[in-house]
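Student: Please take a close look at one part of this model: the packing between its helices and strands. I would like a connected account, residue by residue where that helps.

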Amino acid sequence: MLTDKQFQDIKKNGITFELSKNGKYANIYKKGKFVSSIFGTKNTVYFCGKEFVETTTKEIIEFLNDNKL
């Protein structure tokens, strides 16, 4: 499962997520520019920065849903 620390490391590298209103997908932005959309699948995603993070798009969507403001 994606941890808060891993999520913060991703954010520090300029990558942010915008969860859809229905919580089924998220848009990914790199330094404010749209990159892609992800859905709740088991596709593996890798983030390289200060710390290497391997996760799935499903874990990212679940994390975003669990941490809604």
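Tutor: Start with the cut-offs: a residue is buried under 20% relative accessible area, exposed over 50%, and partly exposed in between. The model is a predicted one.

Take helix 2 to begin with. Helix 2 spans residues 57–66, and its buried residues are T57, I60, I61, F63 and L64. Down the helix axis, these buried residues fall within an arc of 160 degrees, so they line one face of helix 2. The general rule behind such a pattern is brief. An α-helix has 3.6 residues a turn, so residues three or four places apart point the same way.

What covers that face? The cover over the buried residues of helix 2 includes helix 1 (4–12) and five strands: strand 1 (15–19), strand 2 (25–30), strand 3 (33–39), strand 4 (44–47) and strand 5 (53–56).

Now helix 1. Its buried residues are Q6, F7, D9 and I10. Around the axis they cover an arc of only 160 degrees, which puts them on the same side of helix 1. Their packing partners are strand 1, strand 4, strand 5 and helix 2. Just after helix 1 comes G14, with a positive phi near 85 degrees.

Q6 deserves a separate note. Q6 sits in helix 1. Its relative accessible area is 19%, so Q6 counts as buried. Beyond four places in sequence, the contacts of Q6 are M1, E51 and V53.

E51 and V53 lead on to the cavity, since both are in its lining. But D9 and I10 of the buried set in helix 1 are also there. The structure has one cavity of 30 Å³ or more. The largest cavity holds about 30 Å³ of space. Its full lining is D9, I10, N13, I15, F47, C48, G49, E51 and V53. By class, that lining divides into five nonpolar, two polar and two charged residues.

Next, strand 1, through F17. F17 is located in strand 1. At 14% relative accessible area, F17 is buried. Setting aside residues up to four places away, F17 touches F7, I10, N27, I28, I38, F47, I60 and L64. Of these partners, F7 and I10 belong to the buried residues of helix 1, while I60 and L64 belong to those of helix 2. F17 thus touches buried residues of both helices. F17 and F34 are 17 residues apart in sequence, and their C-alpha atoms are 9.6 Å apart in space.

The aromatic residues add to the picture. F7, F17, F47 and F63 form one aromatic cluster. F7 is a buried residue of helix 1, and F63 is a buried residue of helix 2. F47 also lines the largest cavity. The count of aromatic pairs comes to six. In one of them, Y29 and F34, the ring centres are 5.9 Å apart and the planes stand at 75 degrees, so the pair is edge-to-face. Y29 itself is buried, at 19% relative accessible area.

Move to strand 3 and I38. I38 lies in strand 3. With a relative accessible area of 8%, I38 is buried. Leaving out neighbours within four places, I38 is in contact with F17, Y25, A26, I28, T57, I60 and I61. T57, I60 and I61 come from the buried face of helix 2. I38 and K58 are 20 residues apart along the chain, with 8.6 Å between their C-alpha atoms.

T16 offers a contrast in exposure. T16 also has its place in strand 1. Its relative accessibility is 32%, so T16 counts as partly exposed. Apart from neighbours within four places, T16 is in contact with K11, N27, I28 and Y29. N27 and I28 are also touched by F17.

T16 leads to one last residue, K31. The two are 15 residues apart along the chain, and their C-alpha atoms are separated by 7.8 Å. K31 lies in the loop between strand 2 and strand 3. Its phi is positive, about 50 degrees, although K31 is not a glycine. K31 is exposed, at 67% relative accessible area.

Technical notes. Residues are numbered from 1 along each chain as its sequence is written. This is a predicted model: local features need pLDDT of at least 70, side-chain atom pairs count only at pLDDT 80 or more; totals for chains, interfaces and linings use all residues. Side-chain values use heavy atoms; hydrogens and water are left out. Buried means under 20% relative accessible area, exposed over 50%, partly exposed in between (1.4 Å probe, protein chains only). Helices (H or I, at least four residues) and strands (E, at least two) are DSSP runs, numbered from the N terminus. The arc is that of the directions from the helix axis to the C-beta atoms. Contact means heavy atoms within 4.5 Å. On a 1 Å grid over the protein atoms alone, a cavity is a set of points where a 1.4 Å probe fits but cannot get out, and a pocket is an open set with protein on both sides within 12 Å along at least five of seven lines; lining residues have an atom within 4 Å of a point. Grid points are joined across faces, edges and corners, and a volume is the space filled by probe spheres set on the points. Ala, Val, Leu, Ile, Met, Phe, Trp, Tyr, Cys and Pro count as nonpolar, Asp, Glu, Lys and Arg as charged, and the others, Gly among them, as polar. Rings of Phe, Tyr and Trp (its six-membered ring) pair if their centres lie within 6.5 Å; planes under 30 degrees apart count as stacked, over 60 as edge-to-face and the rest as tilted.
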